[in-house]
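Here is a walk through one protein model. Keep the viewer open and follow the residues as they come up.

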Amino acid sequence: MLSTQGTAVPPGARDRVESAATAARARSTTTAPHPPDKPSHPHRIAIIGGGPGGLYTAALLKRLTPDREVTVWERNPPDETFGFGVVLSDETLGGIEHADPDVYAALQRDFTRWDDIGIVHRGTRHTSRGHGFAALERHRLLEILHARCRSLGVDLRFRTEAPGPARLAETYDLVVAADGVHSATREAFAHVFRPHITEHRCRYIWLAADFPFDAFRFEIAETEYGVMQLHGYPFSADASTVIVEMREEVWRAAGFDEPDDTAGTDSVERCAKIFADALGGRPLRSNNSAWTTFRTVVNERWSHGNVVLLGDAAHTAHFSIGSGTKLAVEDALALAACLDEQPSLEHALAAYEAERKPVVASTQRAARASLEWFENLPLYLAQPPRQFAFNLLTRSRRVTHDNLRLRDARFTGEVEREFGCPPGTPPMFTPFRMRGLTLRNRVVVSPMDMYSAVDGVPGDFHLVHLGARALGGAGLVMTEMVCVGPEGRITPGCAGLYTGRQAEAWRRITDFAHAQAPGTAIGVQLGHSGRKGSTKLMWEGMDEPLDDGNWPLVAASPLPYKPGSQVPRELSRAQLTDMREQFTAAAVRAARAGFDLLELHCAHGYLLSGFLSPLTNHRTDAYGGSPEKRLRFPLEVFDAVRAVWPGDRPMTVRISATDWAEGGVTAEDAVAVARAFAAHGADAIDVSTGQVVADEKPEFGRSYQTPFADRVRHEAGVPVIAVGAISSWDDVNSLILAGRTDLCALARPHLYDPHWTLHAAAEQGYDGPGVAWPAPYLAGSRQPRTGRTDAPKPRLGLGS
């Protein structure tokens, strides 16, 4: 969905906003605006900004307490706005209906509704149905809110600059800053709100067409300058919003960076010609529209004394998921409710921020995924048309395989057939082949350190742990990182493959898996802790050095992992040779122990990862410096292991695709690393992130690491394993079917439920060859009955 809140900025508007911000800063002070004698519930309220968020806040606050004084300042005339149409979700409309039926009724009369999304790619259109959108003209939305505010007695002051926020805070009980993405209020108190503003890589422009699209429309144009895309949707019976977007370098190559004529018609006419097929040859029109770059706004705090941010002043989310006006209206609903419910203004503003921040953060994560998908659109152009359409629809991870199947079973079924799913087979239960190994499904039990070995020997715990997960139906079960030498352990409890006794113990485990869970492959992950070794068991102090019994550490460079960690020795050339031999000896033992697949651990700051990252490799010899030199030793180890590992058994490599730290490995570097390993014979890249440096700043969230796997897969042209907060079988199906990964590795879900894959099959009603219940467990292949749910429902309510 799209909205037009705080996006298109007419010529000169940015200068006016920044001038206002400068003036506001001059009038403000660094102290919190705490005017004297404030009532517990605000009576005099000032609202800066007359967009939908500010107006709706004014109407709600006045409706809740009619004797309040509510004043709205808006610099523009009442009939001036930017953009064209506004989309609101059913969820947001439900909140409006509950809070103010009059506004809801007025909106209902003017909404244009449609259900379809049409995606046109290389001349082929695919339509997905059942989505449900509602849009109306932005002018009309403002008219409805103006009328509602006036009927309630709100003081609307158009063509009037608001006094500075510090001055308003002295004379009003509450100041609501709804002054948009370039908020002068946010700038005036930036030292408190601590905003983080990120500019992205695409340019876009808001336009309109004087006819209604028959669906939410995405059109891709592959031009001589690069890829451009159109986002369009109807907002009235005779008009549609049209957004044209492209990467900055494409925008410049096409000459859109050159000044338009005074009417700004050159860009408009060129866009109409580029997308003539989508527009049926009809023209586009502008509303003082200008090319702009989207800015993601995040604030560490949303309130300062009696000043509070709302809407785009507090946060922005990319228009491709339609959240600007939606989020502002939901902010207004939450703020009004908190002011009504809480005992004081301080409590109310704290409650408002606590309620809205997690919701907004989730939306911003989805919006970030969506905008990055469009930034990287060229990666997906070679996909089959239906898979491309599915990929686009599921780009934000808010729409998934399962809810698309519920909305439009025909479309989803066609995508599955094109992908190669047999009838009735979810994507996760399709087989995948690497060399001589065919995995019966796409689920991997991710490597998880158990810290439960004795002298490196896996015992009964490992047999039960890995055996249970092998019985649980996954296509591939991975061991924890198995260390190639005693000094390569992370903790005293880490398992190894540097003695014959250890190899025999592993053989006991692989024999059990192959005999009791036929069809399940078991893989070993070989690694060396490097500078992160000689630490306590995880539950005794993760990454904390041992109190006693430490062993010496080695690494690419003599850098401790964090303050207080042991300083490793830098490996000499002779020691590098010895280290390669440790890896090859362990690989030979792994082959004899019966493992089906070997993964080389080059991630998470362990020894080989330490060579790859410039933050941990400061060498000046042939193994440090340029990316090619930092790759040299990990590739030498890979080649040595590949030479002794059976040719029909696959090898994978786990990498950290980003260090989540300035100056560290980036996604671009990860693609180069993946290409190098693939060129040396890696059958797949296991794409993880981080844990390389202690001061990393990861961006956690659902499936947060999968975009890195997606990029590696498409740019390096190598199969990938995606990891990182993939928690549901719906996520797995979505990622596989969209072509963002080949396999999905899950860790915590398999700790919670060793039979996660079997249960995923049962919950989807699948009993085909992609999963097999062990014969003793067949009675559990149906979900247990729950308590009675068919009791008669109450029909009458009796009141006094």
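This is a predicted model. Start with its largest nonpolar core, which holds 89 residues. Leu497, Phe677, Ile685 and Val712 make the most contacts inside this core.

Centre the view on isoleucine 685. Setting aside neighbours within four places in sequence, isoleucine 685 touches Val653, Ile655, Ala674, Phe677 and Val712. Its contacts also include Val718, Pro719, Val720 and Ile721. Phe677 and Val712 thus appear twice: as contacts of isoleucine 685, and among the residues with the most contacts in the core.

Now step to aspartate 686. This residue lies in strand S27, which spans residues 684-688. Is aspartate 686 buried or exposed? Its relative accessibility is 2%, so aspartate 686 counts as buried. Beyond the neighbours within four places in sequence, aspartate 686 is in contact with Glu599, Val653, Arg654, Ile655, Ile721 and Val723.

Go back to the cores. A second, separate core has 71 residues, including Ile45, Leu142, Leu339 and Leu349.

Two of those names lead to a helix pair. Leu339 is in H12 and Leu349 is in H13, and both belong to the contact between these helices. H12 covers residues 324-341 and H13 covers residues 345-375. Their axes are 8 Å apart, and the packing angle is about 150°. The two helices are therefore roughly antiparallel. Their crossing is right-handed.

Look at the contact itself. From H12 come Leu327, Glu330, Asp331, Ala334, Leu335, Cys338 and Leu339. From H13 come Leu345, Ala348, Leu349, Ala351, Tyr352, Glu355, Arg356, Val360 and Thr363. By class, eleven of these residues are nonpolar, one is polar and four are charged.

Conventions: Residues are numbered from 1 along each chain as its sequence is written. This is a predicted model: local features need pLDDT of at least 70, side-chain atom pairs count only at pLDDT 80 or more; totals for chains, interfaces and linings use all residues. Side-chain values use heavy atoms; hydrogens and water are left out. A nonpolar core is a set of buried Ala, Val, Leu, Ile, Met, Phe, Trp, Tyr and Cys residues joined through side-chain atoms within 4.5 Å. Buried means under 20% relative accessible area, exposed over 50%, partly exposed in between (1.4 Å probe, protein chains only). Contact means heavy atoms within 4.5 Å. Axes are lines fitted to C-alpha atoms, for helices over the stretch in contact, and angles run from 0 to 180 degrees between N-to-C directions. Helices (H or I, at least four residues) and strands (E, at least two) are DSSP runs, numbered from the N terminus. Angles under 35 degrees count as roughly parallel, over 145 as roughly antiparallel, 65 to 115 as roughly perpendicular and the rest as oblique. A crossing is left-handed if the near helix is turned anticlockwise from the far one by less than a right angle, and right-handed if clockwise. Ala, Val, Leu, Ile, Met, Phe, Trp, Tyr, Cys and Pro count as nonpolar, Asp, Glu, Lys and Arg as charged, and the others, Gly among them, as polar.
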